[in-house]
Amino acid sequence: MEKLREGTVYTGTVEGYSSEGLGIVRINGAVVFVPQAIRGEEIDLKITKVMKTAAAGEIVKLKKPSPERVKPECPHYGRCGGCDFQHMSYTEELWAKRQRVQDALTRLGGTEVQVEEILGAKNPMSYRNKSQYPVGADGTIGFFRARSHEVVSIDRCLIQSEISDKTAQAVRTWMKRYKISSYDERTGKGLVRHVYVRVNKKGESLCCVVVNGAGLPREPELAAYVCAAAPKTVGVLVNTNTRKGNVVLGDKYRTVWGQDYLMDTLCGLTFKLSVPSFYQVNREQAEVLYGKALEYAALTGEETVLDLYCGTGTITLCLAKQAKRAIGAEIVAPAIRDANENAERNGVKNAEFFCGDAADIAAKLEKEGLRPDVITVDPPRKGLAPEVIASVAEMSPKRVVYVSCDAATLGRDVKIFEGFGYKAVRACAVDMFPGTRHVESVVLLERA
């Protein structure tokens, strides 16, 4: 078998997609990952890097383009690292995402469950209700170039809310007008690190400027610029983050103007959102996702439900409407405070919340003899720790509803659950993040 050589051009056909949305081409028995390639296309590709078990390539010529290939609407596509699929039709994007979840469940999960459907977004543009704009050392505000910390200047991002983009531009104008310095991660000096914006269903917004220090010069002027650009702004905050690294938010907040929270409605419930609170970035698709989770939970009104990684209590309160008792657990203290307020605000009397690590909370409740009928989990990308799965299994619920934002860790965890006697019986994918490679999924596991 001839070894692939860097710089050499080969011809091949795109078989499918990797978990990162790259096209997969097999050349001389080796897998080559090719950006912006579409299933079924015949291409000439140049090898850019040869690795131990695979290679990377780039398209030199489209010999036989796919009918699903489209011209990207975003002028920054390919430079900004935010989107992965703007070169293909939305139909093909949904196929790729459904297949990704199926591959993870089959290959990593070792299960025969089929992904029944993928629920696409009615509007794949301007869907994000939370935006985090990094600020470059030169004052550029936009998004990172793929696999780098170079900030690409962007005035309008098609998947963000227009209000968020206008707010970020206002901060940039204010910085230039008053010569406010931006943070340089190489030296650790400079002030403004990120611009963070939340937007609700009514178009109201909350702006938080993340700084390498306790405050900023010209803060009243900052609020004035932001409110002029986004008249429905309800609050302007400063967050202090003096730590090195990639974490966006620090622990200290100060309100410059207005209020430090935003109200929003989801699934017929009203939620109070502080800046660090977890909340799904696509409101419309979150309702679709939670609807599917409720369908899988199959509640009759007599059950006790435990919701791990509950955030501000969105899923917990939805479950409470159909359960006898709902318990939410979350490690972020401000989110739990919001969750308790959200329960009170919505008149939900049968929900309660605990603050702590999911494994500790699960073990504590299990020690107390709690036997939930249904347990829902919605963990971060890293999935569930083995001890969480063990504690969940120990409580012996009839059903576990697993909401996942990472197909690979979902597949891994489904396999572990099977070792405890829980079998995946239903699966569905939900496109929460159109244009990007990320996809949400819901799996129903039942006790054997």
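In this predicted model, residue S396 is found in the loop that connects α8 to β20, and its phi is near 55°, a positive value in a residue other than glycine. With a relative accessible area of 31%, S396 is partly exposed. A second residue of this kind is R218, whose phi is near 60°, again positive although the residue is not glycine. R218 is placed in the loop between β11 and α3, and, at a relative accessible area of 43%, R218 is partly exposed.

The elements that flank S396 belong to a region built around an open sheet of eight strands, which follow the order β6-β21-β22-β20-β19-β16-β17-β18 with mixed pairing. Strands β6 (115–119) and β18 stand at the edges of this sheet, and because each has a single partner strand, one side of each is left without a neighbour in the sheet. On average, and with direction ignored, neighbouring strands here are turned by 20° against each other. Within the sheet, β20 (residues 399–404) and β22 (residues 440–447) pair in the antiparallel sense over six bridges, and R399 stands opposite E446 in β22.

Two helices lie across strands of the eight-stranded sheet. Helix α4 (residues 283–297) lies across β6, β19 (374–377), β20, β21 (422–430) and β22, and runs at about 155° to β21. Helix α8 (residues 386–395) lies across β16 (304–308), β19, β20 and β21, with a direction at about 180° to β16.

Helix α6 comprises the 13 residues 333–345, which at 1.5 Å a residue should span 18 Å, and the C-alpha atoms at its ends are indeed 18 Å apart, in agreement with that expectation. The buried residues of α6 are A335, I336, D338, A339, N342 and A343, and, seen down the helix axis, they fall within an arc of 160°, so that they line one face of the helix. This pattern can be set beside the general geometry of such helices: an α-helix has 3.6 residues a turn, so residues three or four places apart point the same way. On the other side of α6, R337 and E344 are exposed. The buried residues of α6 pack against β15 (269–274), α5 (314–320), β17 (325–330) and β18 (351–355). Just after this helix, G347 adopts a positive phi of about 65°.

The loop of R218 leads from β11, a strand of an open sheet of five strands ordered β7-β10-β11-β12-β13, in which the pairing is mixed. Since β7 (130–134) and β13 (252–258) are the edge strands and each has a single partner, one side of each is left without a neighbour in the sheet. Neighbouring strands of this sheet are turned by 20° against each other on average, direction ignored. Strands β10 (residues 192–199) and β11 (residues 205–211) run antiparallel and are joined by seven bridges, with R198 standing opposite L206 in β11. Helix α3 (residues 219–229) lies across β11, β12 (233–240) and β13, at about 135° to β12.

As for the nonpolar interior, the largest core has 72 residues, and V171 and L216 are those with the most contacts inside it. The largest share of this core, seven residues, comes from α4. Residues up to four places away in sequence not being counted, V171 touches I141, V195, C207, V209, L222 and V226. A second, separate core of 38 residues includes I361, L370, V414 and L445.

Key:
Residues numbered from 1 in each chain as written. Predicted model: local features only at pLDDT ≥ 70, side-chain atom pairs only at ≥ 80, totals over all residues. Heavy atoms only, no water. Helix = DSSP H or I, 4+ residues; strand = E, 2+ residues; numbered from the N terminus. Expected span 1.5 Å × (residues − 1). Buried < 20%, exposed > 50% of the residue type's maximum accessible area, 1.4 Å probe, protein only. Arc of directions from axis to C-beta. Contact = heavy atoms within 4.5 Å. Pairing = 2+ DSSP bridges. Axes fitted to C-alpha atoms, helices over the stretch in contact; angles between N-to-C directions. Core = buried A, V, L, I, M, F, W, Y, C linked by side-chain atoms within 4.5 Å.
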